[in-house]
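Please read the following report alongside the sequence and the model. The text moves from charged pairs to the strands and the surface, and ends with the chain as a whole.

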Amino acid sequence: MPIPKILRVQVNVDAIDKKHLYKDKKGTYLNLALVNTPDSQYGQDYMVTQDISKEARDAGERGPILGNASALFLEDGRPAAKQDGQASKSAPVENEKSGTDLPF
């Protein structure tokens, strides 16, 4: 399986559990985990979760699901077609107010 050149990630920042953010000399950090979802009915290649400390995992806590990601296999500057067996993208949902697929 080829390695994707780009991963496009969508994150719901409102779902971030702020108690698992940590500060360092250069800023505040958020650890993420991308879980491969090859059979996703939504056409996404990965589920994005907030990675939490080992201690929190051992205590039974789970990081929240924050979004999803798509792998792009670039050929000549364009996204390459996915290999057979991979889910295709679902059609965008139209917003009733604006008639577009934008959520606002």
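In this predicted model, Glu61 is partly exposed, with a relative accessible area of 27%, and the Glu61 side chain meets that of Lys19 in a salt bridge with an N to O distance of 3.4 Å. The two partners come from distant parts of the chain, since Lys19 sits in the loop between E1 and strand E2 (22-24), whereas Glu61 belongs to the loop between helix H1 (54-58) and E6, 42 residues apart. Lys19 counts as exposed, at 58% relative accessibility, so the bridge joins an exposed lysine to a glutamate that is partly exposed.

How many salt bridges does a search of the whole structure find? The search gives 3, and they are set out below.

| Salt bridge | N to O distance | Citation |
|---|---|---|
| Lys19 and Glu61 | 3.4 Å | |
| Arg57 and Asp51 | 3.5 Å | |
| Lys54 and Asp58 | 2.9 Å | |

Lys54 and Asp58 are both exposed, and because they stand 4 residues apart in helix H1, about one helical turn separates them. In the bridge between Arg57 and Asp51, Arg57 is partly exposed, with a relative accessible area of 42%, and Asp51 likewise counts as partly exposed, at 32% relative accessibility.

**Strand E6**

Leu66 lies in strand E6, which covers residues 65-72. Is Leu66 buried or exposed? Leu66 has a relative accessible area of 3%, and because buried means under 20%, Leu66 is counted as buried. Leaving aside residues up to four places away in sequence, Leu66 touches Gln10, Val11, Asn12, Ala15, Ile16, Leu32, Val48, Thr49 and Gln50. One of these residues, Gln50, is 16 residues from Leu66 in sequence, and the C-alpha atoms of the two are 6.6 Å apart in space.

Gly67 also lies in strand E6 and counts as buried, at 19% relative accessibility, a value that falls under the 20% cut-off for this class. With residues up to four places away in sequence again left out, Gly67 touches Gln10, Met47 and Val48. Gly67 and Asn12 are 55 residues apart in sequence, yet their C-alpha atoms are 5.9 Å apart in space.

**Nonpolar surface and aromatic residues**

Leu32, which is among the residues touched by Leu66, lies in strand E4 and is partly exposed, with a relative accessible area of 34%. Leu32 also belongs to a nonpolar surface patch of about 440 Å², to which Leu7, Val9, Val11, Val13 and Leu34 contribute as well. Which strands each supply at least two residues of this patch? They are strand E1 (6-11) and strand E4 (32-36), and E1 gives the most, with 3 residues. Val11 is thus named both in the patch and among the residues that Leu66 touches.

The count of aromatic pairs comes to 1. This pair is made by Tyr22 and Tyr29, whose rings are stacked, at 5.5 Å centre to centre and with 20 degrees between the planes. Tyr22 is partly exposed, with a relative accessible area of 36%, and Tyr29 counts as partly exposed at 32% relative accessibility.

**The chain as a whole**

The protein has 1 helix and 8 strands, and from the N terminus on its elements run β-β-β-β-β-α-β-β-β. Of its 104 residues, 21% count as buried, and Leu66 and Gly67 are both in that class. The accessible surface comes to about 8300 Å², with 53% of this area belonging to carbon and sulfur atoms. Among the contacts in the protein with a separation of 6 or more, 49% are accounted for by residues 24 or more positions apart.

How confident the predictor is in the model deserves attention when these details are read. The protein averages a pLDDT of 79, and 69% of the residues score at least 70. Over residues 85-95 the pLDDT stays under 50, and for this stretch the model has 21 contacts beyond four places in sequence.

Methods: Residues numbered from 1 in each chain as written. Predicted model: local features only at pLDDT ≥ 70, side-chain atom pairs only at ≥ 80, totals over all residues. Heavy atoms only, no water. pLDDT = per-residue confidence, 0-100. Contact = heavy atoms within 4.5 Å. Patch = residues over 30% accessible without salt bridge, like charges linked within 9 Å, V, L, I, M, F, W, Y side chains within 5 Å. Areas by Shrake-Rupley, 256 points an atom, 1.4 Å probe, with all protein chains shown as cover. Salt bridge = Lys/Arg side-chain N within 4 Å of Asp/Glu carboxyl O. Buried < 20%, exposed > 50% of the residue type's maximum accessible area, 1.4 Å probe, protein only. Phe/Tyr/Trp six-rings, centres within 6.5 Å; stacked < 30°, edge-to-face > 60°.
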